[in-house]
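Biologist: I have some questions about how the terms are applied in this model. Could you take me through the reasoning?

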Amino acid sequence: MSDSNTTQSRAGIQVIARAAAILRTLKDNQTGLSLGQIAERVDLPRSTVQRIVGALQTERLVMFDASGRGLRLGPELHALADATRHNIVEHCRPLLSDLSQRTGETADLSALRGNVMVFLDQVPGAHRLRTESSVGEVFPLTTSANGRACLASLPPEDARKLVTKEWITRELNGDPGEFLARLDTIRRDGIAYDLDEHTDGISAAGIAFRDWSGDLHAISVPVPSTRFEAQRSKIEAAIRHVATRVQKVMSVSD
């Protein structure tokens, strides 16, 4: 490759990296940002940001907010995100099936969306008495195994903000500081638990992982509490096995 081609290739890679930085900045500031605010956050000249944003607008990856609050992520990016969500379900379905077969229990896939967990997929267990949740159903973060697993996977300050918000909005009892300390245990152990804390009569264990775009998801096993302790060691072993497999799936498909 000639020096000119090498230079062009590096310049192209740099533009892509800068465009990605702009998109991530808008993802973290979904109420909208001005060109100047974006330039400040990504540490680039305003003229450079304007040029890249113009190209992103042409591809409908960013758009100006109708209310005049600045630039936001565009409809094409949301369409790509929807395709990714379908893809994650497709890739994780065999893992859920394996987990359900190993435990005989229901296996769930959910995603962290803002300040809630949203169920994406489920493989029912083999028992007559089993737990079921609907796709699209929303669970809180602090009282569910999947939510706790995701909280423990966040930077501590981000987790603290979400916990504090949920503690206030849901008027939860107990000490939020004590709950945050419990997240340290989950970080060390890798598995989060919900022992009758979200729904009476149901206990669960879950693990969290990041997909190819960095979004947090969780795989969990909800079980009627009457048999949870008897099944606990089997569930833990199966979840750890799936945790290893899901990391391989994410890295191979990256």
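Modeller: Gladly, and keep in mind that this is a predicted model. Let us begin with Glu 166, which is buried, with a relative accessible area of 7%.

Biologist: Why is Glu 166 called buried?

Modeller: Buried means under 20% relative accessible area, and Glu 166 has 7%, so the word applies. Its salt-bridge partner is Arg 170, with the side chains meeting at 3.2 Å, N to O.

Biologist: And what makes Arg 170 partly exposed?

Modeller: Arg 170 has a relative accessible area of 38%. Partly exposed is the range between the 20% and 50% cut-offs, so Arg 170 falls in that class.

Biologist: How do you know that Arg 148 and Glu 197 form a salt bridge?

Modeller: The cut-off is 4 Å between a side-chain nitrogen of Lys or Arg and a carboxyl oxygen of Asp or Glu. For Arg 148 and Glu 197 the closest N and O atoms are 3.0 Å apart, so the pair qualifies. This pair links distant parts of the chain: Arg 148 belongs to helix H5, Glu 197 to the loop between S6 and S7, and 49 residues separate them in sequence. Arg 148 counts as buried at 4% relative accessibility, while Glu 197, at 33%, counts as partly exposed.

Biologist: Which other salt bridge links distant parts of the chain?

Modeller: Arg 93 and Asp 121 meet at 2.7 Å, N to O. Arg 93 sits in helix H4 and Asp 121 in strand S4, 28 residues apart. Asp 121 counts as buried at 7% relative accessibility, and Arg 93 as partly exposed at 37%. The whole structure has 12 salt bridges.

Biologist: Why is H5 called roughly perpendicular to H7?

Modeller: Helix H5 (residues 145-153) and helix H7 (residues 176-189) pack at about 85 degrees, with axes 9 Å apart. Angles of 65 to 115 degrees count as roughly perpendicular, so H5 and H7 earn the description. Arg 148 takes part here too, along with Ala 149, Leu 151 and Ala 152 of H5, facing Phe 179, Arg 182, Leu 183, Ile 186 and Arg 187 of H7. By class, that contact has 6 nonpolar, no polar and 3 charged residues.

Biologist: What makes H2 roughly perpendicular to H3?

Modeller: Helix H2 (residues 35-42) and helix H3 (residues 46-58) pack at about 110 degrees, with axes 9 Å apart. That angle lies within 65 to 115 degrees, so H2 is roughly perpendicular to H3. Among the contact residues are Leu 35 and Ile 38 of H2, and Val 49 and Val 53 of H3. This contact has 6 nonpolar, 2 polar and 1 charged residues.

Biologist: Why are S5 and S6 said to stand at the edges of the sheet?

Modeller: The open sheet of 6 strands runs in the order S5-S4-S3-S8-S7-S6, with antiparallel pairing. S5 and S6 each have a single partner strand, so one side of each lacks a neighbour in the sheet. Further in, S7 and S8 pair over 9 bridges, and Ala 204 stands opposite Pro 222 in S8.

Biologist: Last one: is Gly 32 buried or exposed?

Modeller: Gly 32 is at 11% relative accessibility, under the 20% cut-off, so Gly 32 counts as buried. Gly 32 lies in the loop between helix H1 and H2, and touches residues including Arg 69, Gly 70 and Leu 71.

Methods: Residues are numbered from 1 along each chain as its sequence is written. This is a predicted model: local features need pLDDT of at least 70, side-chain atom pairs count only at pLDDT 80 or more; totals for chains, interfaces and linings use all residues. Side-chain values use heavy atoms; hydrogens and water are left out. Axes are lines fitted to C-alpha atoms, for helices over the stretch in contact, and angles run from 0 to 180 degrees between N-to-C directions. Helices (H or I, at least four residues) and strands (E, at least two) are DSSP runs, numbered from the N terminus. Angles under 35 degrees count as roughly parallel, over 145 as roughly antiparallel, 65 to 115 as roughly perpendicular and the rest as oblique. Contact means heavy atoms within 4.5 Å. Ala, Val, Leu, Ile, Met, Phe, Trp, Tyr, Cys and Pro count as nonpolar, Asp, Glu, Lys and Arg as charged, and the others, Gly among them, as polar. Two strands pair if DSSP finds at least two bridges between them. Buried means under 20% relative accessible area, exposed over 50%, partly exposed in between (1.4 Å probe, protein chains only). Lists of a residue's contacts leave out its neighbours within four places in sequence.
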